[in-house]
Amino acid sequence: MLISREIKSHEKIYILKADDGRVRVITGSANLSYSAFNGIQRENITFMDNEAAYEYYREQFGQFKDECADNVEH
């Protein structure tokens, strides 16, 4: 588990790579909440199936993890 020290992130990003090499990045603001499901707030989600997006978001996650989070034992 990782806990942010300083920079807060509300991002939802899934960085996926299949065994056969296919990649997909899924990102957006979609929440599983009452407000989202009942049209009270707008939600969006998008996906990208390309290596450039995969590498960009993977690098961003690595940087966030290295600079702003600690390993926490539970």
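Colleague: In the hairpin of S2 and S3, which residue takes a positive phi?
Modeller: Five residues lie between the two strands of that hairpin. This is a predicted model. Within the hairpin, a phi near 95 degrees belongs to Gly 21.

Colleague: How do S2 and S3 run, and how many bridges join them?
Modeller: S2 covers residues 12-17. S2 and S3 run antiparallel. Ile 13 stands opposite Thr 27 in S3, and Tyr 14 has Ile 26 as its bridge partner there. The number of bridges joining S2 to S3 is six.

Colleague: How many bridges join S3 to S4?
Modeller: These strands also run antiparallel. In this pairing, Gly 28 stands opposite Ile 45 in S4. The bridges between S3 and S4 number four.

Colleague: Which residues make up the covered face of S3?
Modeller: In a regular strand, side chains alternate between the two faces of the sheet. The uncovered face of S3 holds Arg 24, Ile 26 and Gly 28. The covered face holds Val 23, Val 25 and Thr 27.

Colleague: Is Thr 27 buried or exposed?
Modeller: Thr 27 belongs to strand S3. A polar atom of its side chain lies 3.2 Å from the backbone oxygen of Lys 12. The relative accessibility of Thr 27 is 16%. The cut-off for burial is under 20%, so Thr 27 counts as buried.

Colleague: How far apart in space are Met 48 and Thr 27, C-alpha to C-alpha?
Modeller: Met 48 sits in strand S4 and is partly exposed, with a relative accessible area of 23%. In sequence, Met 48 and Thr 27 are 21 residues apart. In space, their C-alpha atoms are separated by 8.7 Å.

Colleague: Which residue forms a salt bridge with Arg 22?
Modeller: The structure holds two salt bridges. In the one made by Arg 22, the closest N and O atoms are 2.9 Å apart. Arg 22 is exposed at 59% relative accessibility, and its partner is exposed at 55%. That partner is Asp 20.

Colleague: How many residues separate Arg 24 and Asp 49 in the chain?
Modeller: The side chains of Arg 24 and Asp 49 meet in a salt bridge, 2.6 Å from N to O. This pair links distant parts of the chain: Arg 24 is in strand S3, while Asp 49 is in the loop between strand S4 and helix H2. Both count as partly exposed, Arg 24 at 33% and Asp 49 at 44%. Their separation along the chain is 25 residues.

Colleague: Over which ring does the charged end of Arg 24 sit?
Modeller: Arg 24 has its salt bridge with Asp 49. Its charged end also has a ring beneath it, with the ring centre 4.2 Å away. The ring is that of Phe 47.

Colleague: Which residue caps the N-terminal end of H2?
Modeller: H2 spans residues 51-68. A side-chain oxygen of the capping residue lies 3.3 Å from the backbone nitrogen of Ala 52. The cap is Asn 50.

Colleague: What distance does H2 reach from its first C-alpha to its last?
Modeller: H2 has 18 residues. At 1.5 Å a residue, 26 Å is expected. The span in the model is close to that, at 25 Å.

Colleague: Which residues of H2 are buried?
Modeller: Tyr 56 is not in this set, because its relative accessibility is 47% and it counts as partly exposed. The buried residues of H2 are Ala 53, Tyr 54, Gly 62 and Cys 68.

Colleague: Is the aromatic pair of Tyr 56 and Tyr 57 stacked or edge-to-face?
Modeller: A search of the whole structure finds one aromatic pair. Tyr 56 and Tyr 57 have ring centres 5.1 Å apart and planes at 85 degrees. Planes over 60 degrees apart meet the criterion, so the pair is edge-to-face.

Colleague: What is the distance in space between His 10 and Ser 29, C-alpha to C-alpha?
Modeller: His 10 lies in the loop between S1 and S2. At 62% relative accessible area, His 10 is exposed. It is 19 residues from Ser 29 in sequence. The C-alpha distance is 8.4 Å.

Colleague: In what order do the elements run from the N terminus on?
Modeller: The protein has two helices and five strands. Of its 74 residues, 14% count as buried. The order of elements is β-β-β-α-β-α-β.

Definitions and conventions. Residues are numbered from 1 along each chain as its sequence is written. This is a predicted model: local features need pLDDT of at least 70, side-chain atom pairs count only at pLDDT 80 or more; totals for chains, interfaces and linings use all residues. Side-chain values use heavy atoms; hydrogens and water are left out. A salt bridge is a side-chain nitrogen of Lys or Arg within 4 Å of a carboxyl oxygen of Asp or Glu. Buried means under 20% relative accessible area, exposed over 50%, partly exposed in between (1.4 Å probe, protein chains only). Rings of Phe, Tyr and Trp (its six-membered ring) pair if their centres lie within 6.5 Å; planes under 30 degrees apart count as stacked, over 60 as edge-to-face and the rest as tilted. A charge sits over a ring if NZ of Lys or CZ of Arg is within 6 Å of the ring centre and within 35 degrees of the ring normal. The expected span of a helix is 1.5 Å times one less than its number of residues. A polar contact is a pair of N or O atoms within 3.5 Å; within protein, one must be able to donate a hydrogen and the other to accept it, and residues adjacent in sequence count only if both atoms are side-chain atoms. Two strands pair if DSSP finds at least two bridges between them.
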